[in-house]
Amino acid sequence: MFISSTGGHLSELMQLKSIFKNYDYSIVTEKTKSNMSLKSRYKSRIHFLIFGTKDHFLFYPFRLMANCFKSLYFYLKIQPDVIVTTGAHTAGPMCCIGKIFGSKIIYVESFANINTKTITGRLIYHFADLFLVQWEEMKTLYPNAVYGGWIY
């Protein structure tokens, strides 16, 4: 399973599309107007969560809770052996669910961060099976991470 929130995180995740064909894969992201075009290309392999940015403070807790339930549904439906994510908030619940059920978690810390940790990275770092950073400088913040270079 490849999962991320929309925007830059999804753009980073889609840099990995050349390896999709090597696996029985699914993509999970947020449902937005800009992401609906993915449905025609990936058909039944793409699944959508509710768009739930934390910028909409009033509705965020409700959307997050709804996405937790949807994540559990997608997890049980897909039953991935491995979850690959570039974050952010949308991916957190799925990675926690996956860890509970025994999936391997591969987290790629955001390219946009060179000197600071992301909120999701802080959480997932502690239980990811493989935690990748795209900047060598990030190894000082995540000492057990693997420097993988840029995915762009």
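**Notebook: strands, helices and Phe-101**

I started with helix α5 (residues 91-101), which lies across β1 (2-4), β4 and β5 (104-108) and runs at about 155 degrees to β4. For such angles, axes are lines fitted to C-alpha atoms, for helices over the stretch in contact, and the scale runs from 0 to 180 degrees between N-to-C directions. Contact here means heavy atoms within 4.5 Å. Helices (H or I, at least four residues) and strands (E, at least two) are DSSP runs, numbered from the N terminus.

I noted the ground rules next. This is a predicted model, where local features need pLDDT of at least 70, side-chain atom pairs count only at pLDDT 80 or more, and totals for chains, interfaces and linings use all residues. Residues are numbered from 1 along each chain as its sequence is written, and side-chain values use heavy atoms, with hydrogens and water left out.

I looked up helix α4 (residues 60-78) too. Helix α4 lies across β2 (27-30), β3 and β4 (82-87), at about 160 degrees to β3.

Then I turned to the sheet. What is the order of its strands? I read β3-β2-β1-β4-β5-β6-β7, an open sheet of seven strands with parallel pairing. The edge strands are β3 (46-49) and β7 (146-147), each pairing on one side only. Two strands pair if DSSP finds at least two bridges between them. Strand β6 (residues 130-133) runs parallel to β7, and two bridges join them. I found Tyr-147 in β7 as the bridge partner of Val-133.

I stepped back to the whole protein. I count six helices and seven strands. Along the sequence the pattern is β-α-α-β-α-β-α-β-α-β-α-β-β. The radius of gyration (over C-alpha atoms) is 15 Å, close to the 15 Å from the globule rule (2.2 Å times the number of residues to the power 0.38) for 152 residues, so the protein is as compact as a globular protein of that length. The C-alpha atoms fill a box of roughly 40 × 40 × 30 Å along the principal axes. Of the 152 residues, 47% count as buried (under 20% relative accessible area, 1.4 Å probe, protein chains only).

Last, I checked one residue, Phe-101, in helix α5. Is Phe-101 buried or partly exposed? Phe-101 has 48% relative accessibility, so I put it down as partly exposed (between 20% and the 50% above which a residue is exposed). Leaving out residues up to four places away in sequence, Phe-101 touches Leu-72, Tyr-75 and Leu-76. Leu-76 is 25 residues from Phe-101 in sequence, yet 9.5 Å away in space, C-alpha to C-alpha.
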